[in-house]
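Thank you all for coming. I would like to walk you through one structure this morning, slowly enough that nobody needs to have met it before.

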Amino acid sequence: MYLLRLVLFITAVSFLLSSCRTGKELALFQDLNSEQDAKVQQVRTAAFDPLRLQTDDQLQIVISSISPEANQLFNLMGSAVITGNNNTQNMQSVYSVSPSGNITIPVIGDVTVTGLTTDEAKAEIKKVVSEYLKDAVISVTLINFRVTVMGEVNRPSTFQVAGEKINVLQAIGMAGDLTVFAKRSNVKVIRKAGDKVEVAHLNLNNSSVMRSPYYNLRQNDVVLIEPNKRKGLQAEGLNIIIPAATSILSLIIVALTRFR
């Protein structure tokens with residue numbers, strides 16, 4: 001009887017320790033003080049690097065002046081653009097960046113924009129337009145900034161981003177947060193860089209991840225959340241086998257004590 005009680009006690013303690021460990025694994029930024037009365041903590045972050053335009057980007061460019069006739073000459077009308085969820089909308093003055101890195105503006109012709117920020121592209125277009133129009137007002141907006149979040153999140157999907165700035169945590173939030181099976185210590189950010197693909201590994205358990213150049217996402221980045229070992233064990237059915245093995249062992253011990 002003593003052996004049986006010992007086995008049950010060890011099993012209960014193991015279960016409690018496993019539960020505690022699981023709870024700790026779910027917390028992000030474990031290096032930060034989690035006490036309620038702790039002072040505000042400051043974390044150094046990476047300097048924000050504005051998005052650089054790439055091939056296949058879609059830009060809404062509007063050239064305005066005091067002349068309505070000139071506005072019609074320098075702006076495309078009724079261009080089609082594909083937005084989130086494969087919906088097509090008709091918009092004015094939408095340009096796609098060609099494989100050669102150019103956009104083609106009526107009257108002006110080709111303007112190279114790859115590698116530029118939207119502000120730099122605006123300045124470049126204004127410089128060319130100024131040969132035809134004085135005091136022209138230029139606006140350049142990136143309209144196909146999308147990121148994809150896959151793996152152990154509640155709502156994996158591709159998301160349209162408003163503006164030009166989003167970080168890994170915000171993207172995960174859009175995907176409904178991490179599941180309990182998410183491996184927080186090895187979040188992958190997959191990024192196309194020219195003719196190569198970069199894969200960065202981020203550890204969300206440590207606040208130093210905010211200093212990574214991959215913490216702030218870029219257009220077409222993919223955030224991949226891997227499952228942890230506990231999901232693998234569950235998939236193999238060990239969560240059923242282990243309790244069953246413990247019960248069988250307990251029965252064997254009981255039988256042995258009775259036949260002594």
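**Strands, a helix and one asparagine**

Let me begin with a pair of residues that you can find on the screen, arginine 146 and its bridge partner in strand E9, which is glutamine 160. Please keep in mind throughout that this is a predicted model.

That pair belongs to a longer stretch of pairing, in which strand E8, residues 146–151, and strand E9, residues 157–160, run antiparallel and are joined by four bridges. The connection between E8 and E9 is a hairpin of five residues. Strand E8 also pairs with strand E12, residues 222–227, again through four bridges, but here the sense is parallel. If you would like a residue to look for in that second pairing, take valine 149, whose bridge partner in E12 is valine 223.

Let me step back to the whole chain for a moment. The protein chain has six helices and twelve strands, and of its 260 residues, 34% count as buried. Among the contacts between residues at least 6 apart in sequence, 61% join residues that are at least 24 apart. The chain exposes about 16300 Å², of which carbon and sulfur atoms supply 57%.

Now to another sheet, which is open and has three strands in the order E4-E1-E7, paired in the antiparallel sense. Strand E4, residues 94–96, and strand E7, residues 137–142, are at the edges and have a single partner strand each, so one side of each has no neighbour in the sheet. From one strand to the next, the twist averages 30°. Between E1, which covers residues 58–64, and E4 there are three bridges, and within that pairing leucine 59 has tyrosine 95 of E4 as its bridge partner. Helix H3, residues 118–129, packs on this sheet, where it touches E1 and E7, and its direction makes about 145° with that of E7.

I would like to finish with a single residue, asparagine 102, which lies in strand E5, residues 102–105. Is asparagine 102 buried or exposed? With a relative accessible area of 16%, asparagine 102 falls under the 20% cut-off, and therefore counts as buried. Its side chain makes a polar contact of 3.4 Å with the side chain of serine 100. Leaving aside residues up to four places away in sequence, asparagine 102 touches Ser96, Val97, Asp110, Val111 and Thr112.

I will stop there, and I am happy to go back to any part of the picture.

Key
Residues are numbered from 1 along each chain as its sequence is written. This is a predicted model: local features need pLDDT of at least 70, side-chain atom pairs count only at pLDDT 80 or more; totals for chains, interfaces and linings use all residues. Side-chain values use heavy atoms; hydrogens and water are left out. Two strands pair if DSSP finds at least two bridges between them. Helices (H or I, at least four residues) and strands (E, at least two) are DSSP runs, numbered from the N terminus. Axes are lines fitted to C-alpha atoms, for helices over the stretch in contact, and angles run from 0 to 180 degrees between N-to-C directions. Contact means heavy atoms within 4.5 Å. Buried means under 20% relative accessible area, exposed over 50%, partly exposed in between (1.4 Å probe, protein chains only). A polar contact is a pair of N or O atoms within 3.5 Å; within protein, one must be able to donate a hydrogen and the other to accept it, and residues adjacent in sequence count only if both atoms are side-chain atoms. Accessible areas come from the Shrake-Rupley method with a 1.4 Å probe; for residues, only the protein chains shown count as cover.
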